[in-house]
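Colleague: I would like to learn how to read features of this kind from coordinates. Please give the general idea, then the case at hand.

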Amino acid sequence: MKSLLYALSAVLAAVLAVACSDSSGIGNSLADESVTIVVDSNFTLTGNSVENPVVQSRTLSQLIGALDAKGFGSIRSDFVGQFMPSLALDTVDITSENIDSVKLFMQMTRGNFTGDSLVPMGLEVFRLNKDLPYPIYSDFDPDGYYNSANPYASGVYVASTINEPDSVKKLSIIYVAMHLPVDFGREMYDAYVKNPASFADPEVFARDVFKGFYIRSSYGAGRISDFTTTSIRLYYHREVYNADSARYETKYYAGDYFAVTPEVVVNNNIRYSIAPELRAMVAAGDNVLAAPAGYEVEMRFPAPEIIASYNRHADKLRVLNTLSMTIPAEEITNNYEITPPPYILMVLKNKKAEFFADNSLADNVTSFYAAYNSTTNSYNFGSMRSYLLDLLAKDKVTEDDYTFVMCPVQVNMEASASSGYYGTTSSVVSSIVPYVSKPAMCKILLDKAKIQLTYSAGNQNNL
């Protein structure tokens, strides 16, 4: 039966192309009354919020700071991270003694924070002395992994350039620079000279050379910032012979030889205390999403009712056209303009752990994602047809097939070259990870969600 439905798809498409376009109700007839388009939207969603206190970051976002937000709660975050080494260091006519200084650079896109941009906040950097566990989660406690009495660097930063020169104000990036011990740079250089192969494998490098840094707020509150790039720069010199002057001259250089990248372990250590207002909303039956590591929503998708609607015309040949769902979202009042998460993932409850553990992408059968539309204040899942086809092919549909979890996620894209005369490019999804970039929350209105099933039904002899 399933193969026959696929075979009829092209025929029905041709019939429908010349038919009238009125499909506002169930059972609207086409010009040829042997084919009927059925549109059914009489379905309801039910669900409830559940706490999700632990997530696996799996992101380059390095969230750091402290914020108390009315209506959201209190959140604190610091992070631990390994570093990807450069495959090659400059070794021409220099030794480790030529290393003059070392700096740690942290970069944040302007405006990529929640809270007060002018609040001075302190940072402290500590060297890790133990291998980070893997997998690692947001409730990781770094105690025992560093020496609290021996900070490698410290600094103070604000998230504003209000007092900076115009040349700095024009930049889209805010930089935080901190001096590291020069002996650290010389140690890294000597390690490379001794065994360059250890710099070719990030796992070997983290195990045998440098385990990474723990970076935390040392003081200040009122802002939580999302740094997306952290790197280590070596400053060094060499003596270069100048034939014109017949003497050696000192030349100075700098190189970014270590950086946080997707290939190494980076983890945000998050402590989030949910606001009483949010807890009261959930207790009253509201469906709340909050991130990072806050609330997600368990939801019953009305698959049995949808299948029953589809089977209402079981005496006819049917072709499934579309199944879509739009869920309205409502912003929650707070004092820091905390908005709904940019994306939400809808994944079968029994597949959620596997989805994140395997770095999966949405397959539109067991998992889907939707972007927040700030114009319509909603999330639209427009491609659920394959999911229903999969259910129709099953001998038996159980609760595991329609019990979903909705959780805030970050959907990362990368450019993909497309064939064609103009060499156009398109964006493809490269990863879907739990959302930890900044505080986010909303109330999703399951009772106002619109689910729409559309299929075509007709008699075989008339197709």
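**Reading the model**

Modeller: Start with a single polar contact: a polar atom in the side chain of Thr 59 sits 3.2 Å from the backbone nitrogen of Ser 61. Keep in mind that this is a predicted model.

Colleague: Where is Thr 59 found, and is Thr 59 buried or exposed?

Modeller: Thr 59 is in the loop between S3 and strand S4 (62–69). The cut-off for buried is under 20% relative accessible area. Thr 59 counts as buried because its relative accessibility is 18%.

Colleague: What is Thr 59 in contact with, once neighbours within four places in sequence are left aside?

Modeller: Thr 59 contacts Val 266, Asn 268, Val 433 and Val 436.

Colleague: Now pockets. What is the general idea?

Modeller: A probe the size of a water molecule, rolled over the atoms, shows where empty space is left. Here the largest pocket has a volume of about 590 Å³. Its lining counts 25 residues, and those closest to the centre are Arg 58, Thr 59, Leu 60, Pro 262 and Val 433. Thr 59 and Val 433 are thus in this central group, and they are also in contact with each other.

Colleague: Which strands each supply at least two residues of that lining, and which supplies the largest share?

Modeller: The strands are S16, strand S23 (403–417) and strand S24 (425–434). S24 gives the largest share, four residues.

Colleague: How should I read a helix?

Modeller: An α-helix has 3.6 residues a turn, so residues three or four places apart point the same way. Take helix H3 (residues 182–194). H3 has 13 residues and spans 18 Å from its first C-alpha to its last, close to the 18 Å expected at 1.5 Å a residue. Its buried residues are Phe 184, Gly 185, Met 188, Tyr 189, Ala 191 and Tyr 192. They cover an arc of only 160° around the axis, so they are on the same side of H3. Asp 183 and Lys 194, on the other side of H3, are exposed.

Colleague: What does the loop after H3 hold?

Modeller: Ser 198 lies in the loop between H3 and helix H4 (202–208). Its relative accessibility is 4%, so Ser 198 counts as buried. Not counting residues up to four places away in sequence, Ser 198 touches Ala 191, Val 204, Phe 205 and Val 209. One of these, Ala 191, is among the buried residues of H3. Between Ser 198 and Asp 208, ten residues apart in sequence, the C-alpha to C-alpha distance is 7.6 Å.

Colleague: Which residues are buried in helix H5 (residues 276–283), and why do they line one face?

Modeller: The buried residues of H5 are Leu 278, Met 281 and Val 282. Seen down the axis, they fall within an arc of 95°, which is why they line one face of H5. Pro 276 and Ala 283 are exposed on the other side. What covers the buried residues of H5 includes strand S3 (46–51), strand S16 (266–274), strand S17 (288–291), strand S18 (295–300) and strand S25 (440–444). Just after H5, Gly 285 takes a positive phi of about 105°.

Colleague: How do I read the backbone angles?

Modeller: Most residues other than glycine have a negative phi, and most peptide bonds are trans. Ala 246 is not a glycine, yet its phi is positive, about 55°. Ala 246 is in the loop between strand S14 (229–242) and strand S15 (247–259), and with a relative accessible area of 52% it is exposed. Asn 359, also not a glycine, has a positive phi of about 55°. Asn 359 is in the loop between helix H7 (352–357) and strand S21 (367–373), and is partly exposed at 45% relative accessible area.

Colleague: Which peptide bonds are cis?

Modeller: A cis bond joins Tyr 134 and Pro 135, with omega about 0°. Pro 135 is in the loop between strand S9 (121–127) and strand S10 (153–157). The bond from Ala 291 to Pro 292 is cis too, with omega near 0°, and Pro 292 is in the loop between S17 and S18.

Colleague: And the protein as a whole?

Modeller: The protein has eight helices and 26 strands. Of its 463 residues, 47% are buried. Among contacts with a separation of 6 or more, 78% join residues 24 or more positions apart.

Note on methods: Residues are numbered from 1 along each chain as its sequence is written. This is a predicted model: local features need pLDDT of at least 70, side-chain atom pairs count only at pLDDT 80 or more; totals for chains, interfaces and linings use all residues. Side-chain values use heavy atoms; hydrogens and water are left out. Buried means under 20% relative accessible area, exposed over 50%, partly exposed in between (1.4 Å probe, protein chains only). The arc is that of the directions from the helix axis to the C-beta atoms. Contact means heavy atoms within 4.5 Å. The expected span of a helix is 1.5 Å times one less than its number of residues. A polar contact is a pair of N or O atoms within 3.5 Å; within protein, one must be able to donate a hydrogen and the other to accept it, and residues adjacent in sequence count only if both atoms are side-chain atoms. On a 1 Å grid over the protein atoms alone, a cavity is a set of points where a 1.4 Å probe fits but cannot get out, and a pocket is an open set with protein on both sides within 12 Å along at least five of seven lines; lining residues have an atom within 4 Å of a point. Grid points are joined across faces, edges and corners, and a volume is the space filled by probe spheres set on the points.
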